[in-house]
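Me: I've got this model open and I'd like to go through it with you. Can you tell me what the labels rest on as we go?

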Amino acid sequence: MQSFFEHSILQRAKNKGILEVHLHNIRDHSTNKHKQIDDYQFGGGAGMVMMIEPILACIESLQKERKYDEIIYMTPDGELLNQKMVNSLSLKENIIILSGHYKGIDERLREHIVTREISIGSYVLSGGELPAAVLVDAIGRLIPGVLNDETSALTDSFQDNLLAPPVYTRPADYNGWQVPDVLLSGNDKLIEEWRHQQSMERTQKRRPDLLEND
Ligand code: SAH
């Protein structure tokens, strides 16, 4: 996980000092000598549950250093992540993202400590690290200075509830595969209209649900 953050686009943001990502191992906060962080579920059944104490100890040690705007638990039964949520989270100062394992975390943490629950899709992964990395990447790239061309994020899919239009680069003719003429016309107004039209068509065809929302 460390290496994902070191080799992603977010490393540049870290080098520039505009984003900090710190990884914390819950096990370092276990309260017993076996470094135990999970236990059997009450009521029986397969699968371990992450215990309250180590998670709380970790969160409290972080809260001693700074104030957090959100404590987010990544979980398949959370709110489905979308661009709108990412946009609003990118405006926050400090966020804790909690990754579960096994059957998940003790429900009482979700009731009393977690402020928001987010799912990255309707499927179950074995741990919350990948979902947390997805969230960090999605948020991080919106912070001004992270992407080379800052306006680029604004023309990506889901901003304005539309999918992005198709993009092309050189050569304009690849063995007969042509780039649409309008993109070579130099007429900014026509190009913008064409892109908007393409976005609308693509959204209608692939994701009509986006046009119905809000
Ligand atoms: N028993 C849980 C699944 C636990 S999966 C249930 O049925 O809902 C173990 C951990 O992986 C979870 O605690 C969560 O942090 C993470 N995880 C798995 N799938 C995820 C998803 N789609 N979105 C976000 N987090 C997920």
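Me: How do the residues of the shell around the ligand divide into nonpolar, polar and charged?

Reply: Keep in mind that this is a predicted model. The shell splits into ten nonpolar residues, ten polar ones and one charged. Gly counts as polar in that tally.

Me: What makes a residue part of that shell, and which ones come nearest to the ligand?

Reply: One of its heavy atoms has to lie within 4 Å of the ligand. There are 21 residues around the ligand, and Tyr-73, Met-74, Gly-100, Tyr-123 and Leu-125 come nearest.

Me: Which strand gives the most to the shell?

Reply: That's S3, with four residues. Strand S3 (70-80) and strand S5 (116-119) each supply at least two.

Me: Why is the pair between Tyr-123 and the ligand called a polar contact?

Reply: The cut-off for a pair of N or O atoms is 3.5 Å. A polar backbone atom of Tyr-123 sits 2.8 Å from a nitrogen atom of the ligand, so the pair is within the limit and counts as a polar contact. Gly-121 has a backbone N or O atom 3.0 Å from a ligand nitrogen. For Gly-127, a backbone N or O atom is 3.5 Å from an oxygen atom of the ligand.

Me: How much of the ligand does the protein bury?

Reply: The protein buries 85% of the 550 Å² that the ligand exposes when taken alone.

Me: Moving on to the core: what makes a set of residues a nonpolar core?

Reply: The members are buried nonpolar residues joined through side-chain atoms within 4.5 Å, and buried means under 20% relative accessible area. The largest such core here has 16 residues, and Ile-26, Met-50, Ile-55, Ile-96, Leu-98 and Ile-105 have the most contacts inside it. Helix H3 (52-65), S3 and strand S4 (95-99) each supply at least two residues of this core. H3 has the largest share, with five residues.

Me: Which residues is Ile-55 in contact with, leaving aside its neighbours within four places in sequence?

Reply: Those are Ile-26, Met-50, Leu-98, Ile-105 and Leu-109. There's also a second, separate core of 13 residues, with Val-86, Ile-118, Ile-139 and Leu-147 among them.

Me: Why is Asp-160 called exposed?

Reply: Exposed means over 50% relative accessible area. Asp-160 has 68%, so it counts as exposed. Asp-160 is in the loop between H6 and S6, and although it isn't a glycine, its phi is positive, at about 65 degrees.

Me: And why is Asn-161 called partly exposed?

Reply: Partly exposed covers the range between the 20% and 50% limits. Asn-161 has a relative accessible area of 26%, so partly exposed is the label. Asn-161 also lies in the loop between H6 and S6, and its phi is near 60 degrees, again positive in a residue other than glycine.

Me: What makes those phi values worth pointing out?

Reply: Most residues other than glycine have a negative phi.

Me: How do you know that the peptide bond from Arg-170 to Pro-171 is cis?

Reply: Go by omega, which is near 5 degrees for that bond. Most peptide bonds are trans. Pro-171 is in the loop between helix H6 (129-140) and strand S6 (173-174).

Me: Last one: why is Gln-2 called partly exposed?

Reply: Its relative accessible area is 44%, so Gln-2 falls in the partly exposed class. Gln-2 is found in helix H1 (residues 2-7).

Key. Residues are numbered from 1 along each chain as its sequence is written. This is a predicted model: local features need pLDDT of at least 70, side-chain atom pairs count only at pLDDT 80 or more; totals for chains, interfaces and linings use all residues. Side-chain values use heavy atoms; hydrogens and water are left out. Buried means under 20% relative accessible area, exposed over 50%, partly exposed in between (1.4 Å probe, protein chains only). A polar contact is a pair of N or O atoms within 3.5 Å; within protein, one must be able to donate a hydrogen and the other to accept it, and residues adjacent in sequence count only if both atoms are side-chain atoms. Accessible areas come from the Shrake-Rupley method with a 1.4 Å probe; for residues, only the protein chains shown count as cover. Contact means heavy atoms within 4.5 Å.
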